[in-house]
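Hello,

I am passing a structure on to you, with some notes on what turned up in it. Please have a look and read the notes alongside it.

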Amino acid sequence: MSKWLVIFGAGGHGKVVAEAAQLSGFDVLAFVDQSPDRCGERLLGIPVVGDERDLESFDKRGTR
């Protein structure tokens with residue numbers, strides 16, 4: 001079973017969390033951020049897919 005994450009926060013701390021998670025064997029699927037303006041950006045090659053309102057749209061596989 002793969003381990004995956006969606007990280008809330010696409011700033012500096014989110015970047016560090018993503019790097020640590022990847023080094024620990026997690027697949028970081030996406031970032032969500034408090035600011036809807038960040039949607040469509042990429043951080044470490046990982047997409048920012050929405051804001052906190054979008055968190056509920058992810059199912060157990062990490063898809064919408």
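Asp33 is a good place to start: leaving aside neighbours within four places in sequence, this residue is in contact with Phe8, Gly9, Ala10, Gly11, Arg38, Val48, Gly50, Asp51 and Glu52. Please keep in mind throughout that this is a predicted model. Asp33 sits in the loop between strand 2 and strand 3, the latter spanning 42-43. What does its side chain reach at 2.7 Å? The partner there is the backbone nitrogen of Ala10. Asp33 is buried and yet takes part in no salt bridge. Arg38 has the nearest side chain of opposite charge, 4.3 Å away, and with the salt-bridge cut-off at 4 Å, that pair is therefore not counted as one.

Arg38 does have a salt bridge, though, with Glu41: their side chains meet at 2.7 Å, N to O. The structure holds one salt bridge. Are its two ends buried or exposed? Glu41 has a relative accessibility of 32%, so it counts as partly exposed, and Arg38 is partly exposed too, with a relative accessible area of 22%.

One of the contacts of Asp33 is Asp51, which lies in the segment after strand 4. Asp51 counts as buried because its relative accessibility is 4%, and buried means under 20%. Setting aside residues up to four places away in sequence, Asp51 touches Val32, Asp33, Gln34 and Pro36.

Now for the chain as a whole. There are one helix and four strands, and reading along the sequence gives the pattern β-α-β-β-β. The chain has 64 residues, of which 28% count as buried. Among contacts in the chain with a separation of 6 or more, 34% are between residues 24 or more positions apart. The accessible surface comes to about 4,300 Å², and carbon and sulfur atoms account for 55% of that.

Which residues make up the largest nonpolar core? There are nine in all: Ile7, Ala10, Ala18, Ala21, Val28, Phe31, Leu43, Ile46 and Val48. Helix 1 (12-23), strand 2 (27-32) and strand 4 (46-50) each supply at least two residues of this core. Ala10, whose backbone nitrogen is reached by the side chain of Asp33, is one of the core residues, and so is Val48, which is also among the contacts of Asp33. Another core member, Ile46, touches Ala18, Gln22, Val28, Leu29, Ala30, Phe31 and Glu41, not counting residues up to four places away in sequence. Through Glu41, that list includes one end of the salt bridge with Arg38.

Two more residues may interest you. Val17 is found in helix 1 and counts as partly exposed, at 31% relative accessibility. From Val17 to Val28 there are 11 residues in sequence and 9.7 Å in space, C-alpha to C-alpha.

The other is Leu44, in the loop between strand 3 and strand 4. Most residues other than glycine have a negative phi. Leu44 is not a glycine, yet its phi is positive, at about 60°. With a relative accessibility of 38%, Leu44 counts as partly exposed.

I hope this gives you a good way in. Do write back with any questions.

Best wishes

Key. Residues numbered from 1 in each chain as written. Predicted model: local features only at pLDDT ≥ 70, side-chain atom pairs only at ≥ 80, totals over all residues. Heavy atoms only, no water. Core = buried A, V, L, I, M, F, W, Y, C linked by side-chain atoms within 4.5 Å. Buried < 20%, exposed > 50% of the residue type's maximum accessible area, 1.4 Å probe, protein only. Contact = heavy atoms within 4.5 Å. Areas by Shrake-Rupley, 256 points an atom, 1.4 Å probe, with all protein chains shown as cover. Lys, Arg positive; Asp, Glu negative; His and termini not counted. Polar contact = N/O pair within 3.5 Å; in protein donor to acceptor, adjacent residues only side chain to side chain.
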